[in-house]
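Please look at the sequence and the 3D structure shown here before reading on. The paragraphs after it go through the chain one part at a time.

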Amino acid sequence: MGVDNDKKNDQQIDNHQLQDDDEIEVDEEHLPSAAAAVHEQIRQDGQKELERDGMALLWSAIAAGISMGASLMAKGIFQVHLEGVPGAFLLENLGYTFGFVIVIMARQQLFTENTVTAVLPVMHTPTAGNMGLLMRLWSLVLAGNLVGTALGALAFSWMPIFDEATRDAFHAISMKVMENPPSEMFANAVISGWIIATMVWMFPSAGAAKIVVIILMTWMVALGDLAHIVVGSVEILYLVFTGALPWQQFIWPFAIPTLLGNIVGGTFIFALISHAQIRNELGEKARAEAEARRRREQREKAQNSQS
């Protein structure tokens, strides 16, 4: 019983801190640097995501998975209608950005975004309660994204929406993903995770240019033929539903290496480095605030004793 009470108390402490942080407004003038201000804003966004209702997270993630089908759809349509046009490769891959624009601007839950935002609160306060909240968030969002991508791929493969040329383009685009062996799939996904994490880190400074940042960064992922767990799931599941691939090949060589690569690139490399660059600054700020608080309390005690 004592252990259970301790766990409940830890969870309450974690949640109380999250609620307190929700009320904090990021003021760059009172932070050590502009990088610290960006870090603080993203951390607070991550804390809010960690606290969200589970069903709300799941439905938002399903919506994001369905929306990601727009990337395959736009890229396939562009490929068909731009055949023989100079620079068609560049324009065709611009279609890849459509799904990201929809998902991010609509504030839907995308797994590769949460590998950055939600992990910063855990780095800031590495408790068992916060780690549990992070695992809950990742599990719900990933599951929802995969369900959504499966629904999108199923619609593309079975519903009479597209002509034969567009379906052939979907097949060719998706088969190109499967040309990579697992090691290359993992390596590509690391770079993809890094680029998506960089994009998220740029949002606080982007302002009205946020949509431009989304297009440029995700276009880079497309031009490099880099692996992304959510967009790639639409493509590979399309092959599964049309009978071009057995479902086992979705798991391996695609999903597991790609998922691990996205997590490594977005979390264990980018988020760790980004957190490390401001850790000392935030530590110095916290020590300064603690010292100021101690002196203030001493003055108040002295005034109370005199009165």
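What follows is a walk through this model, from the whole chain to single residues.

The model is predicted. The chain holds 14 helices and zero strands, so its pattern along the sequence is simply α-α-α-α-α-α-α-α-α-α-α-α-α-α. Of its 307 residues, 48% count as buried. Consider next the contacts between residues at least 6 apart in sequence: 81% of these join residues at least 24 apart.

A helix pair is a good place to begin. Helix α3 covers residues 54-67, and its axis comes within 6 Å of the axis of α9, the two crossing at roughly 35°. The crossing of α3 and α9 is right-handed. On the α3 side, the contact is made by Gly54, Leu57, Leu58, Ala61, Ile62, Ala64, Gly65 and Ile66. On the α9 side, the residues involved are Arg136, Leu137, Leu140, Val141, Gly144, Asn145, Val147, Gly148, Thr149 and Leu151. Sorted by class, the contact of α3 with α9 has eleven nonpolar, six polar and one charged residues.

Asn145 of this contact can be followed further. Asn145 lies in helix α9. Is Asn145 buried or exposed? Its relative accessible area is 1%, and the limit for buried is under 20%, so Asn145 is buried. Setting aside neighbours within four places in sequence, Asn145 touches Ala61, Ile62, Ala64, Gly65, Gln109, Leu110, Phe111 and Val230.

Helix α9 covers residues 128-158, and Phe156 is also found in it. Phe156 has 10% relative accessibility and therefore counts as buried. Which residues is Phe156 in contact with, leaving aside its neighbours within four places in sequence? They are Gly69, Leu72, Met73, Phe162, Arg167, Phe170 and Tyr238. Take Gly69 from this list: Phe156 and Gly69 are 87 residues apart along the chain, and their C-alpha atoms are separated by 8.6 Å.

Gly69 leads to helix α4, which runs over residues 69-81. At 1.5 Å a residue, its 13 residues should span 18 Å, and because the end C-alpha atoms are 19 Å apart, the length agrees with what is expected. The buried residues in α4 are Gly69, Ala70, Ser71, Leu72, Ala74, Lys75 and Gly76. What covers these buried residues includes α3, α5, α6, α9, α10 (164-177) and α13 (229-241).

Helix α12 can be read in a similar way. This helix, residues 210-223, has 14 residues and reaches 20 Å from its first C-alpha to its last, close to the 20 Å expected at 1.5 Å a residue. In α12 the buried residues are Lys210, Val213, Ile214, Met217, Thr218, Val221 and Ala222. Why are they on the same side of α12? They cover an arc of only 160° around the axis, and this puts them on the same side of the helix. Their cover includes α5 (88-94), α6 (97-105) and α11 (182-206).

After α12 comes Asp225, in the loop between α12 and α13. The phi of Asp225 is near 50°, a positive value in a residue other than glycine. With a relative accessible area of 33%, Asp225 is partly exposed. Arg107 also has a positive phi, of about 60°, although it is not a glycine. Arg107 is placed in the loop between α6 and α7. Its relative accessibility is 58%, and the limit for exposed is over 50%, so Arg107 counts as exposed.

Helix α7 spans residues 111-117, and Thr117 is found in it. Thr117 is buried, with a relative accessible area of 12%. Apart from neighbours within four places in sequence, Thr117 is in contact with Ile42, Gly46 and Val200.

One backbone detail remains, in helix α14, residues 248-306, where Pro253 is found. The peptide bond that joins Trp252 and Pro253 is cis, with omega about 25°.

Definitions and conventions
Residues are numbered from 1 along each chain as its sequence is written. This is a predicted model: local features need pLDDT of at least 70, side-chain atom pairs count only at pLDDT 80 or more; totals for chains, interfaces and linings use all residues. Side-chain values use heavy atoms; hydrogens and water are left out. Helices (H or I, at least four residues) and strands (E, at least two) are DSSP runs, numbered from the N terminus. Buried means under 20% relative accessible area, exposed over 50%, partly exposed in between (1.4 Å probe, protein chains only). Contact means heavy atoms within 4.5 Å. The expected span of a helix is 1.5 Å times one less than its number of residues. The arc is that of the directions from the helix axis to the C-beta atoms. Axes are lines fitted to C-alpha atoms, for helices over the stretch in contact, and angles run from 0 to 180 degrees between N-to-C directions. A crossing is left-handed if the near helix is turned anticlockwise from the far one by less than a right angle, and right-handed if clockwise. Ala, Val, Leu, Ile, Met, Phe, Trp, Tyr, Cys and Pro count as nonpolar, Asp, Glu, Lys and Arg as charged, and the others, Gly among them, as polar.
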